Amino acid sequence: MERVVVLDLITYLQSNKVINKQQHGFLKKRCTATNLLESLSDWTLNIENGRRQAVAYIDFAKAFDSVCHNKLLAKMRQYGICGPLLEWIGDFLKGRTQQTRVGNALSDVNVIISGVIQGSCLGPVLFLLYSNDLVDVCSDGVIVKLYADDVKLYCSCMINVNDIDFELQMNLDKICKWAKDWQLPISYTKCNVLEIGKPGGAQYRIDSWSVVPVKNVVDLGVTIDSRLKFSTHINGIAAKAHRRANLIIRCFMSRDLTSLIRAFTTYVRPILEYCTVAWNPTLKKDIEILEKVQRRFTKRIPGLKDLTYCQRLARLKLDSLELRRVRLDLMFTYKLVFGLTDLKLSDFFLLRSDAKSRGHRYKLFLPGCSSTTRHNYFTHRVARIWNNLPENSTNFSSLALFKRSLSSNILARYCKIYYF
């Protein structure tokens, strides 16, 4: 029943463009990667132009549990959701109770007077509607990015450099007022400000709480530093992946090769490949740090200790992690070019119009850049590889066929460290 309601509700909201385009959570064709890529595009452009960038991160305390039912229903009515559907959703939210069990003992029954039901199909959509107008309270010169209850805001390139601190503080005040009006408490101790590029030394406040700029911050699971180098993030995920790989070796009683590799690809490799389109390393030392996780794990598999890393990969039918990241970059580019993700292609690439050029017909045009940070960003990193894909062997019919046609031998030439 919930799935039926959610499907029709999402269809209505998207067809009428009710959900703000800055919201990336719980929506088709949007994810953490789309959120980070849009943000990093703006930040690297500012660095390219020699501008300072300050990014404020707002954290709401128990946001999903704090939603006021009456105010939520009032917002839904404004969005055109009314009649029996609105009454059904109101009944769905109200009259719920909760208890805590410790052993055989039960606490008193408490009536739930606020919040959307977490774990339900309808809960995430209701929260998106509740926080949908947050973007509208900010001025045009400030960009707000949302992922469910995660909020970040920064000044656009239209703002004068001297007015960045004032403009950002003014919009922080607006968000604080919005949060009080809609009864979403802010967790002040978890809020941060990250200065990217040239440090400004300004201090900001969220309500009465003073926020000192930090050197790095975790943004949707990716550690962003002030220079957009991602070395801190890479070191962190590599250490976590090593610990989990060690647990597999120590805790699995079976020494079956297939089982160990399946455990590695299920529990370890996703840590190393989460959102790589946003932070794919370009320095050899960072590439080696990540590759060491797979190299060390395969060496500890019985019967493979005396083989080289190249031989182990061939025996296990695995690609190097660097080669897999090249493939992931190309797959995301395919989604951009063919509209499989809710991002504008023109914000990242332009399709080349020269029909006489050799190769496939989906080649991309990209202007040059002078800064290393912009050069290492996704668009500049992947454009040359995409344009050089062979016309005869690359299948653009579907994403699955495109992925299958990306030969490891062809992609290996774009790896900085070769394992073939």
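Analyst: Before we begin, a word on labels: helices and strands here are DSSP runs, with at least four residues for a helix and at least two for a strand, and they are numbered from the N terminus. Please also keep in mind that this is a predicted model.

User: With those labels in hand, how many helices and strands does the protein have?

Analyst: The protein has 17 helices and 14 strands. Its radius of gyration is 24 Å, close to the 22 Å that the globule rule gives for 420 residues, so the protein is as compact as a globular protein of that length. The C-alpha trace spans about 65 × 65 × 45 Å along the principal axes, and buried residues make up 50% of the 420 residues. Among contacts with a separation of 6 or more, 67% join residues that are 24 or more positions apart.

User: Then to the backbone: which sign of phi do most residues other than glycine have?

Analyst: Most residues other than glycine have a negative phi. Phe 26 is not a glycine, yet its phi is positive, at about 60°; this residue sits in the loop between α1 (2-15) and α2. A second case is Cys 275, also not a glycine, with a positive phi of about 55°, and its place is the loop between α9 (269-273) and α10.

User: Is Phe 26 buried, partly exposed or exposed, and is Cys 275 buried or exposed?

Analyst: The reading depends on a cut-off, since buried means under 20% relative accessible area, exposed means over 50%, and partly exposed lies in between. Phe 26 has a relative accessible area of 41%, so it is partly exposed, whereas Cys 275, at 10% relative accessibility, counts as buried.

User: Can we apply that idea to a whole helix, and ask how many residues of α15 are buried?

Analyst: In α15, nine of its 10 residues are buried, which makes the helix mostly covered. Among the buried ones are Phe 378, His 380, Arg 381, Ile 385 and Trp 386. As a general idea, an α-helix has 3.6 residues a turn, so residues three or four places apart point the same way. The cover over the buried residues of α15 includes α2, α13 and α16 (399-405), together with β14 (364-365) and two other helices, α10 (276-279) and α14 (372-375).

User: Turning to pockets, what volume does the largest pocket have, and which residues lie nearest its centre?

Analyst: The largest pocket has a volume of about 480 Å³. Its lining consists of 15 residues, of which Lys 21, Gln 22, Glu 38, Lys 145 and Asp 347 lie nearest the centre. The elements that give two or more residues to this lining are α2 (32-48) and β6 (142-147), and α2 gives the most, with four residues. By class, the lining of the largest pocket divides into eight charged, four nonpolar and three polar residues.

User: And how much space lies in the second largest pocket, and which element gives the most to its lining?

Analyst: About 390 Å³ of space lies in the second largest pocket. Its lining has 19 residues, and Arg 381, Arg 384, Ile 385, Tyr 414 and Lys 416 are those nearest its centre. Two or more lining residues come from each of α13 (321-337) and α15 (378-387), with α15 giving the most, at five residues. This lining has seven nonpolar, five polar and seven charged residues. Arg 381 and Ile 385, which lie nearest the centre of this pocket, are also among the buried residues of α15.

How values were computed. Residues numbered from 1 in each chain as written. Predicted model: local features only at pLDDT ≥ 70, side-chain atom pairs only at ≥ 80, totals over all residues. Heavy atoms only, no water. 1 Å grid on protein atoms, 1.4 Å probe; cavity = no way out; pocket = protein on both sides within 12 Å on 5 of 7 lines; lining within 4 Å. Points joined across faces, edges and corners; volume = space filled by probe spheres on them. Nonpolar A, V, L, I, M, F, W, Y, C, P; charged D, E, K, R; others polar. Rg over C-alpha atoms; globule rule 2.2 N^0.38 Å. Buried < 20%, exposed > 50% of the residue type's maximum accessible area, 1.4 Å probe, protein only. Contact = heavy atoms within 4.5 Å.
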